[in-house]
Amino acid sequence: MNILNTEERCRSYITYLESQCQEAISFYKEITLFVFSVLVFLRENYAESNPKIELLYNQLKADIISSGVEYINLFNPSETTWENTKIVKLLRLAETNTDKIGDMTSLARAGEFIKSQDSECTPKKYGIKTLKGILKASGLFEITESQDSQQNSIFILYKSKIMH
């Protein structure tokens with residue numbers, strides 16, 4: 001019996017194959033993150049004795065970054081794929097949705113904006129205490145600090161670095 005002997009059966013089978021493909025893609029993403037987690041462990045404990053671990057780590061990290069996955073390393077925040085994190089995306093969104101001071105954004109206003117968008121998206125989720133810490137750890141922003149003589153406090157401004 002031929003399962004593809006009518007147009008309707010062909011369409012039905014195509015739908016089935018598409019669902020199987022989506023399931024395979026989902027599984028691939030999950031297994032990639034698992035393998036990457038194992039590589040992080042191996043890198044931290046055995047990289048000196050096996051340089052291929054560092055090579056595999058860098059290749060898989062590049063794949064993860066390019067796929068848009070939010071990878072957070074709480075033990076070593078410098079290893080976090082910052083450009084894919086929700087907090088960096090919200091900091092960049094704040095740049096376009098809050099009033100500017102010159103060509104920069106007030107970090108205090110950005111913090112308010114982020115809270116209004118997602119109250120659970122905090123720097124602590126990324127292993128860092130403050131938004132200023134996120135700006136520094138990510139390396140994706142220029143930061144300017146100045147003294148506010150009227151309120152006797154430090155005023156922090158930021159803007160995204162231009163990436164080439």
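Helices here are DSSP runs of H or I with at least four residues, numbered from the N terminus, and under that convention Val35 falls in helix 1, which covers residues 7-46. Keep in mind throughout the tour that the model is predicted.

**Stop 1: helix 1**

Select residues 7-46 to bring up helix 1, and then pick out Val35 within that helix. Val35 is partly exposed, its relative accessible area being 37%. Add Phe27, Tyr28, Ile31, Phe34 and Val38 to the selection, and together with Val35 you have a nonpolar surface patch of about 590 Å².

Now move to Thr32, which also lies in helix 1. In contrast to the partly exposed Val35, Thr32 has a relative accessible area of 12% and is buried, because the cut-off for that class is under 20%. If you leave aside the neighbours within four places in sequence, the residues in contact with Thr32 are Leu60 and Ile64.

**Stop 2: from helix 1 to helix 2**

Stay with helix 1 but select Arg43, and show Glu54 beside it; the two form a salt bridge in which the closest N and O atoms are 2.7 Å apart. Since Arg43 belongs to helix 1 and Glu54 to helix 2 (residues 51-67), the pair ties together parts that are 11 residues apart in sequence. Both ends are partly exposed, with a relative accessible area of 23% for Arg43 and of 26% for Glu54. A search of the whole structure gives 5 salt bridges, and two others come up later on this route, one at Lys86 and one at Lys159.

**Stop 3: the sheet**

Next, colour the strands: there are 4 of them, and they form an open sheet in the order 1-2-4-3 with antiparallel pairing. Strand 1 (100-101) and strand 3 (141-148) stand at the edges, and as each has a single partner strand, one side of each is left without a neighbour in the sheet.

For the pairing of strand 2 with strand 4, select residues 104-106 and 153-160, which run antiparallel to one another and are joined over 2 bridges. Thr105 has Tyr158 of strand 4 as its bridge partner, while Ser106 stands opposite Leu157 in strand 4. Helix 4 (residues 107-117) packs on the sheet, where it touches strand 1, strand 2 and strand 4, and its direction makes about 65° with that of strand 2. Helix 5 (residues 131-138) packs on the sheet as well, touching strand 3 and strand 4, with a direction that makes about 140° with that of strand 3.

Turn then to strand 3 and strand 4, whose antiparallel pairing extends over 8 bridges. Thr144 has Leu157 in strand 4 as its bridge partner, and Leu157 is also the residue that Ser106 stands opposite. Strand 3 and strand 4 form a hairpin with 4 residues between them, and in the turn Asn152 is the residue to inspect, with a positive phi of about 50°.

**Stop 4: the buried side of helix 5**

Go back to helix 5 and ask which of its residues are buried. They are Leu131, Gly133, Ile134, Leu135 and Ser138, and what covers them includes helix 3, helix 4, strand 3 and strand 4. Just after helix 5, select Gly139, which takes a positive phi of about 70°.

**Stop 5: two further salt bridges**

Select Lys86 and Asp118, which form a salt bridge whose closest N and O atoms are 2.6 Å apart. This pair links distant parts of the chain, with Lys86 in helix 3 (residues 86-97) and Asp118 in the loop between helix 4 and helix 5, 32 residues apart. Are the two ends buried or partly exposed? Lys86 counts as partly exposed at 36% relative accessibility, whereas Asp118 is buried, with a relative accessible area of 18%.

Finally, select Lys159 and Asp103, a salt bridge in which the closest N and O atoms are 2.7 Å apart. Lys159 lies in strand 4 and Asp103 in the loop between strand 1 and strand 2, so this pair ties together parts that are 56 residues apart in sequence. Asp103, at 45% relative accessibility, counts as partly exposed.

Technical notes. Residues are numbered from 1 along each chain as its sequence is written. This is a predicted model: local features need pLDDT of at least 70, side-chain atom pairs count only at pLDDT 80 or more; totals for chains, interfaces and linings use all residues. Side-chain values use heavy atoms; hydrogens and water are left out. Patches are made of residues with over 30% relative accessible area and no salt bridge: like charges are joined within 9 Å, nonpolar side chains (Val, Leu, Ile, Met, Phe, Trp, Tyr) within 5 Å. Accessible areas come from the Shrake-Rupley method with a 1.4 Å probe; for residues, only the protein chains shown count as cover. A salt bridge is a side-chain nitrogen of Lys or Arg within 4 Å of a carboxyl oxygen of Asp or Glu. Buried means under 20% relative accessible area, exposed over 50%, partly exposed in between (1.4 Å probe, protein chains only). Two strands pair if DSSP finds at least two bridges between them. Contact means heavy atoms within 4.5 Å. Axes are lines fitted to C-alpha atoms, for helices over the stretch in contact, and angles run from 0 to 180 degrees between N-to-C directions.
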